Amino acid sequence: MSEVVLALRGVRKRFKDHEVLTGVSLALSRHEVVCLIGASGSGKSTLLRCANLLERIDGGDIELFGQSLLDPRIDPDRVRRHIAMVFQSFNLFPHLSVIDNILLGPVHALKRPRAEVRAEAMELLERIGLAARAQDYPDRLSGGQQQRVAIVRSLAMRPSLLLLDEVTSALDPTLVGEVLDLLTDLARQGTTMLVATHEMGFARDVAHRVAFLESGRVIEEGPAREVLDHPREPATRAFLERVR
Amino acid sequence: MSSAIDGEPVPPDLFASRRRRLLAGRGGLVASTVSGVVVIGGLAAVFWLAPGGATVRYFFFNPHFMWQAFVGDPSKGFYSVGLGLLTNLWIFAVAEALVLVCGMLIASARLSQSPVLFPFRLLSTAYTDVFRGIPILLVILMIGFGLPELNLGYISNQSPAVYGCAALVVSYSAYVAEVYRAGVLSIPHGQLLASRSLGLSHGATMRRVILPQAVRTVIPPLLNDLISLQKDTALVSVLGAIETTRAAQIYSSTVFNFSGYAVAAILFLLLTIPMTRFTDHLIARDRARRLAGA
Ligand SMILES: Nc1ncnc2c1ncn2[C@@H]1O[C@H](COP(=O)(O)OP(=O)(O)O)[C@@H](O)[C@H]1O
Ligand SMILES: [Mg+2]
């Protein structure tokens, strides 16, 4: 594959005396979709937050386009403008309308002209069929609609990389499909994504590669079908049997 | 008795008790009217018929004395309880504005994260601990009798009302700072993560995401503190400032009738009741909104 977007090398993260990440290495190329799988508590969310500098790491290195993010000259706010994140619990801003949720980052972090961003945001909403709800507040939308708005909010930043943290886990089963369909579309268009998920069907069909996280490190990774259908590691096999 | 467990199913009794049925519907209205008349009428009767009832009415609630205290008569040595309220009002207005601003500054210092601001974090924590722990009356006495002794020129030459006002600001800022801080801390952490992950700075996140949400949760407790501040302007009387309470005190010791206190109490009620009603209204509205959202 081509250009490496994100590279984690031996990343360690400790909370008090509990070491959650014990040396994670993982690389992501442009246009690649990588699914991060692993049991609850294995550190998927922590890993994504570290990649975004929302958590300070205790060891190892993170590189974005070959630039180490541990460099003291790095401004974390600027880094985050290139790495968008979507959360399990949506985290839409309840005091802002749908459109203002989407505009907040581009207008106040990227300082782009409001009118221009607004036109783009409406186009994005059009794509997910929610243009008519632009002025509504998030609590008027269903869970699936809220999560799709959250995804669009992150896309409006025109990120180089999208981090998705179990974005369907908080959804009613009937609403999971609409969110996965949107992610599938994004993958087809070449969006670079790191996706923590328990949706094995999605991982098999959409991901290029799958990485399995256990006891704080990636113990197996490879092409999606290979890892999911013929896991080499006993731990991976045991995990896949449990989620099946 | 037999049940499904030991074989013989019996039709269950599904009717509400007789008492529940009586209280439902029109019976409830009758019951609440009767109980209202009995309770309130009973209290009034005790007050009216008690052996000392007439004396209390004469010394505390006599309309003639109440009016005399309200308008005052400096030539007879007592001041107007009604005019005294103006002093309470300006103390409250000035203190309220300063408390809202100072409380915000102290809370921001306590919530700051930058290592540079560490000393301010420490100072603001100590401040809220100390001034929430000292009775307001003591703060008023210390400032009111302490500052003039310092011979600091302008600072030591203020009126008792000004010192009282300053003491209220010092004390109440500590409470209000904690109300603000609790409001900010009540916003889910995910909101902060979402905003920071969009590349907004800590300051922009506070301004555009956290504070707008915190304000809504903070308004009712804030209004409660302001109601209490309104009443506590009466404490300034210990410094000799002629406000409502002090005027009522002077009246009672001059005329030997306590009706001035009733006037002062009524004046305070007229001030605080609109605010308490308004606060309750906001709380009810917020609750309705949350129930609709859930
Ligand atoms: N802020 C935190 N403070 C302390 N422990 C944490 C924190 N965040 C996560 N952990 C711990 O780290 C471990 C991994 O959590 P997480 O990354 O959420 O796993 P996953 O997303 O795979 O379920 C868990 O044991 C969790 O309790
Ligand atoms: Mg998680």
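Begin with the lining of the largest cavity in this predicted model, which by class is made up of 7 nonpolar, 2 polar and 2 charged residues. To display that lining, select Arg80(A), Ile83(A), Ala84(A), Met85(A), Ala150(A), Arg153(A), Ser154(A) and Met157(A), and then add Ala194(B), Ser197(B) and Leu198(B) from the other chain. The space that these residues enclose comes to about 60 Å³. If you colour by secondary structure, the elements to look for are strand 6 (83-86) and helix 5 (143-155) of chain A and helix 9 of chain B, each of which supplies at least two residues of the lining.

A search of the whole structure finds 2 cavities of 30 Å³ or more, and the next selection shows the second largest, in which about 40 Å³ of space lies. Its lining consists of Leu164(A), Glu166(A), Val167(A), Thr168(A), Leu180(A), Leu183(A), Val195(A), Ala196(A) and Thr197(A). Helix 6 (173-188) and strand 8 (193-196) of chain A each contribute at least two residues here, and the classes are 6 nonpolar, 2 polar and 1 charged.

Turn now from the cavities to the largest pocket, whose volume is about 780 Å³. Of the 27 residues that line this pocket, the ones nearest its centre are Leu54(A), Arg80(A), Gln113(B), Leu192(B) and Arg196(B), and these make a convenient selection for centring the view. Elements giving two or more residues to the lining are helix 2 (76-80) of chain A and, from chain B, helix 8 (160-185), helix 9 (189-197) and helix 10 (202-232). Which of the elements gives the most to this lining? That is helix 9 of chain B, with 4 residues. By class, the lining of the pocket has 17 nonpolar, 3 polar and 7 charged residues. Arg80(A) deserves a second look, since this residue belongs to the group nearest the centre of the pocket and also appears in the lining of the largest cavity.

The next stop is ligand 1, for which the selection to make is Phe15(A), His18(A), Val20(A), Ala39(A), Ser40(A), Gly41(A), Ser42(A), Gly43(A), Lys44(A), Ser45(A), Thr46(A) and Arg49(A), the residues that surround the ligand. This shell divides into 3 nonpolar, 7 polar and 2 charged residues. Within the shell, three contacts can be drawn as distances in the viewer, and they involve Ser42(A), Thr46(A) and Arg49(A). A backbone N or O atom of Ser42(A) lies 3.3 Å from an oxygen atom of the ligand, while an N or O atom in the side chain of Thr46(A) is 2.5 Å from an oxygen atom of the ligand. For Arg49(A), the partner is a nitrogen atom of ligand 1, which lies 3.5 Å from a polar atom of the side chain. Taken on its own, ligand 1 has 560 Å² of accessible area, of which the protein covers 61%. Two elements of chain A, strand 2 (18-29) and helix 1 (44-51), give two or more residues to the shell, and helix 1 provides the largest share, 4 residues.

Two residues on the loops of chain A come next, and they are best viewed with the backbone shown. Most residues other than glycine have a negative phi. His31(A), which is not a glycine, nevertheless has a positive phi of about 70°, and its place is in the loop between strand 2 and strand 3 (33-37). Leu53(A) likewise has a positive phi, of about 60°, without being a glycine, and sits in the loop between helix 1 and strand 4 (59-64). Are these two residues buried or exposed, or in between? His31(A) counts as partly exposed because its relative accessibility is 44%, whereas Leu53(A), at 16%, counts as buried.

In chain B, select Ser259(B), which is found in helix 12 (residues 259-293) and counts as buried because its relative accessibility is 0%. Show Asn62(B) alongside: its backbone nitrogen lies 3.2 Å from a polar atom of the side chain of Ser259(B).

The tour ends at Ala235(A), in helix 9 (residues 234-243) of chain A, a residue that counts as partly exposed because its relative accessibility is 26%. A distance drawn between the C-alpha atoms of Ala235(A) and His82(A) spans 34 Å, and the two residues are 153 residues apart along the chain.

Methods: Residues are numbered from 1 along each chain as its sequence is written. Chains are lettered from A and ligands numbered from 1 in the order in which they are written. This is a predicted model: local features need pLDDT of at least 70, side-chain atom pairs count only at pLDDT 80 or more; totals for chains, interfaces and linings use all residues. Side-chain values use heavy atoms; hydrogens and water are left out. On a 1 Å grid over the protein atoms alone, a cavity is a set of points where a 1.4 Å probe fits but cannot get out, and a pocket is an open set with protein on both sides within 12 Å along at least five of seven lines; lining residues have an atom within 4 Å of a point. Grid points are joined across faces, edges and corners, and a volume is the space filled by probe spheres set on the points. Ala, Val, Leu, Ile, Met, Phe, Trp, Tyr, Cys and Pro count as nonpolar, Asp, Glu, Lys and Arg as charged, and the others, Gly among them, as polar. A residue is near a molecule or strand if one of its heavy atoms lies within 4 Å of it. A polar contact is a pair of N or O atoms within 3.5 Å; within protein, one must be able to donate a hydrogen and the other to accept it, and residues adjacent in sequence count only if both atoms are side-chain atoms. Accessible areas come from the Shrake-Rupley method with a 1.4 Å probe; for residues, only the protein chains shown count as cover. Buried means under 20% relative accessible area, exposed over 50%, partly exposed in between (1.4 Å probe, protein chains only).
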